[in-house]
Amino acid sequence: MRKVLCILLSAMLLSSCVKQVETDVFCSLSLTAVMPDGTDIMQMTVDNSLPGNFLRNVNTMQKYDFPVFVNNHGGPLRVRKGVYTIAFDGVARIVGESGLVEKKVRFVAYNSPDKAVMLLEDSADVRLELIVLE
């Protein structure tokens with residue numbers, strides 16, 4: 001009886017010493033689109049069906065759809081932590097002097113694995129410096 005009690009107490013002590021490891025494998029990703037001249041984007045859309053538009057995990061090759069951007073922001077998206085390539089062509093709607101103006105924009109700063117962005121924290125905000133095509 002005494003041996004059983006000692007074994008139970010030892011097991012309880014050992015299990016209480018184990019550090020609890022949090023294993024959240026997902027990141028809450030927010031995207032912030034920025035025009036070159038600092039103009040606020042009222043809305044921006046990306047055609048997710050085009051092969052050149054991608055938000056892709058380099059390790060798993062899993063592709064995520066881009067959200068609709070409102071007031072420069074898109075997301076949050078729930079993505080698996082990892083290294084990501086990001087590139088797209090989109091249409092940004094801004095308020096100009098003559099009213100609502102649509103501009104074709106492009107983002108290519110993270111378009112290859114050697115330029116990829118690491119998303120390893122529980123949350124991240126990635127700044128997307130856009131290029132105006134028109």
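## Exercises on a predicted model

Asparagine 53 is in contact with Val46, Asp47, Asn48, Lys63, Phe66, Ala87, Phe88 and Asp89, leaving aside its neighbours within four places in sequence. The exercises below concern a predicted model.

**Exercise 1.** Determine where asparagine 53 lies and whether it counts as buried or exposed.

*Solution.* Step 1: locate the residue. Asparagine 53 lies in the loop between β2 and β3, the latter spanning 54-57. Step 2: apply the cut-off. Buried means under 20% relative accessible area. Asparagine 53 has a relative accessibility of 3%, so it counts as buried. Step 3: return to the contacts. Among the residues that asparagine 53 touches are the charged residues Asp47, Lys63 and Asp89, together with Phe66 and Phe88.

**Exercise 2.** Describe the largest nonpolar core: which residues touch the most other members, and which strand gives the most to it?

*Solution.* Step 1: identify the central members. The core holds 26 residues, of which Met44, Ile86, Phe88 and Leu130 touch the most other members. Step 2: assign the core to strands. At least two residues come from each of β1 (26-34), β2 (43-46), β6 (73-80), β7 (82-96), β8 (99-110), β9 (117-119) and β10 (123-129). Step 3: find the main contributor. Strand β7 gives the most, with five residues. Step 4: examine one member in detail. Methionine 44, leaving aside its neighbours within four places in sequence, is in contact with Ala33, Pro67, Val68, Phe69, Phe88, Val91, Ala92, Val105 and Leu130. Two of these partners, Phe88 and Leu130, are also among the residues that touch the most other core members.

**Exercise 3.** State how many salt bridges the structure holds, and analyse the one between arginine 106 and aspartate 89.

*Solution.* Step 1: recall the principle. Side chains of opposite charge can pair when their charged atoms come close. Step 2: count. The structure holds four salt bridges. Step 3: take the named pair. The side chains of arginine 106 and aspartate 89 meet at 2.6 Å, N to O. Arginine 106 belongs to strand β8 and aspartate 89 to strand β7, so the pair ties together parts 17 residues apart in sequence. Step 4: assess exposure. Arginine 106 is partly exposed, with a relative accessible area of 32%, and aspartate 89, at 30%, also counts as partly exposed.

**Exercise 4.** For the salt bridges of arginine 93 and arginine 127, give the partner and the N to O distance.

*Solution.* Step 1: arginine 93. Its partner is glutamate 102, and the closest N and O atoms are 3.1 Å apart. Arginine 93 is buried, with a relative accessible area of 18%. Step 2: arginine 127. This residue pairs with glutamate 129 at 2.5 Å, N to O. Step 3: assess exposure in the second pair. Glutamate 129 is partly exposed at 43%, and arginine 127 is partly exposed at 49%.

**Exercise 5.** Examine the backbone geometry at proline 76, methionine 61 and asparagine 71.

*Solution.* Step 1: proline 76. A cis peptide bond joins this residue to glycine 75, with omega about 10 degrees. Proline 76 is found in strand β6. Step 2: methionine 61. Although not a glycine, methionine 61 has a positive phi of about 65 degrees. Methionine 61 is found in the loop between β3 and β4 (63-64), and is exposed, with a relative accessible area of 53%. Step 3: asparagine 71. This residue, likewise not a glycine, has a positive phi of about 55 degrees. Asparagine 71 lies in the loop between β5 (69-70) and β6.

Terms used:
Residues numbered from 1 in each chain as written. Predicted model: local features only at pLDDT ≥ 70, side-chain atom pairs only at ≥ 80, totals over all residues. Heavy atoms only, no water. Core = buried A, V, L, I, M, F, W, Y, C linked by side-chain atoms within 4.5 Å. Buried < 20%, exposed > 50% of the residue type's maximum accessible area, 1.4 Å probe, protein only. Helix = DSSP H or I, 4+ residues; strand = E, 2+ residues; numbered from the N terminus. Contact = heavy atoms within 4.5 Å.
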